[in-house]
Amino acid sequence: MMTFLDSVIIKRRMAFTYHICVGEIMTDFKKYRCTACGHIYDEAQGDSDSGIPAGTRWEDIPADWSCPICGAPKSEFKLID
Ligand SMILES: [Zn+2]
């Protein structure tokens, strides 16, 4: 049998889980570093010089995109942990 306290705890857990999910969506942007020049592409920032809007995921960047600093191809970028 569920007591009133149990229901409060369950509701709080659901709220906590929801909060974590929202937090991940907001902070899940990754960064990639150009191995040739050290330039960093930040998904949260995008690359305005190349017309890449802020929030653009790495996989959504055109394959022919290149480093705005040194021109290295997308394949020269490595994910930063
Ligand atoms: Zn570069």
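Begin by selecting G71, which at 43% relative accessibility counts as partly exposed, where buried means under 20% relative accessible area, exposed over 50%, and partly exposed in between, with a 1.4 Å probe and protein chains only. What you have open is a predicted model, in which local features need pLDDT of at least 70 and side-chain atom pairs count only at pLDDT 80 or more, while totals for chains, interfaces and linings use all residues. Residues are numbered from 1 along each chain as its sequence is written, and side-chain values use heavy atoms, with hydrogens and water left out.

G71 sits in the loop between β2 and β3; helices (H or I, at least four residues) and strands (E, at least two) are DSSP runs numbered from the N terminus. Keep G71 selected and add C34, and you will have two residues that are 37 residues apart along the chain, with 9.6 Å between their C-alpha atoms.

**The zinc site**

C34 leads on to the metal, so which residues should be selected together with C34 to display what coordinates the zinc ion? The sulfur atoms (SG) of C34, C37, C67 and C70 coordinate the zinc ion at 2.3 Å. Donors here are N, O and S atoms within 2.8 Å of the metal (3.2 Å for Na, K and Ca), and sites may look incomplete because water is not among the atoms. The four donor atoms make angles of 105 to 115 degrees among themselves, and the site of the zinc ion is tetrahedral, a label given to four donors if all angles lie between 85 and 135 degrees. Along the sequence, the donor residues follow the spacing C-x2-C-x29-C-x2-C. C37 lies in the loop between β1 (31-34) and β2 (40-42), whereas C70 lies in the loop between β2 and β3 (77-80), so this pair ties together parts that are 33 residues apart in sequence. With a relative accessibility of 35%, C37 counts as partly exposed, and C70 is also partly exposed, its relative accessible area being 39%.

**The salt bridges**

Which side chains come next? Side chains of opposite charge can pair when their charged atoms come close. A search of the whole structure finds two salt bridges, each being a side-chain nitrogen of Lys or Arg within 4 Å of a carboxyl oxygen of Asp or Glu.

Select D42 and K31, whose side chains meet in a salt bridge at 4.0 Å, N to O. This pair links distant parts of the chain, with D42 in strand β2 and K31 in strand β1, 11 residues apart. D42 is buried, at a relative accessible area of 14%, while K31, at 41%, counts as partly exposed.

Then select R57 and E43, which form a salt bridge in which the closest N and O atoms are 3.1 Å apart. R57 and E43 both lie in the loop between β2 and β3, 14 residues apart. Is E43 buried or exposed? E43 is buried, with a relative accessible area of 2%, whereas R57 is partly exposed at 23%.

**Around E43**

Leave E43 displayed and add W58, which also lies in the loop between β2 and β3. The side chain of E43 reaches the backbone nitrogen of W58 at 2.7 Å. W58 is buried, with a relative accessible area of 11%. Now bring K31 back into the selection: E43 and K31 are 12 residues apart in sequence and 6.1 Å apart from C-alpha to C-alpha, and W58 and K31, 27 residues apart in sequence, have 8.5 Å between their C-alpha atoms.

**The helix and the whole chain**

Move next to I10, which lies in helix α1 (residues 4-27) and, at 36% relative accessibility, counts as partly exposed. Adding M2 and M14 to I10 completes a nonpolar surface patch of about 320 Å². Patches are made of residues with over 30% relative accessible area and no salt bridge, joining like charges within 9 Å and nonpolar side chains (Val, Leu, Ile, Met, Phe, Trp, Tyr) within 5 Å. Accessible areas come from the Shrake-Rupley method with a 1.4 Å probe, and for residues only the protein chains shown count as cover.

Finally, display the whole chain, which has one helix and three strands, running α-β-β-β from the N terminus on. Of its 81 residues, 21% count as buried.

Methods
Tetrahedral: all angles 85-135°; square planar, octahedral: opposite > 155°, others 65-115°. Polar contact = N/O pair within 3.5 Å; in protein donor to acceptor, adjacent residues only side chain to side chain.
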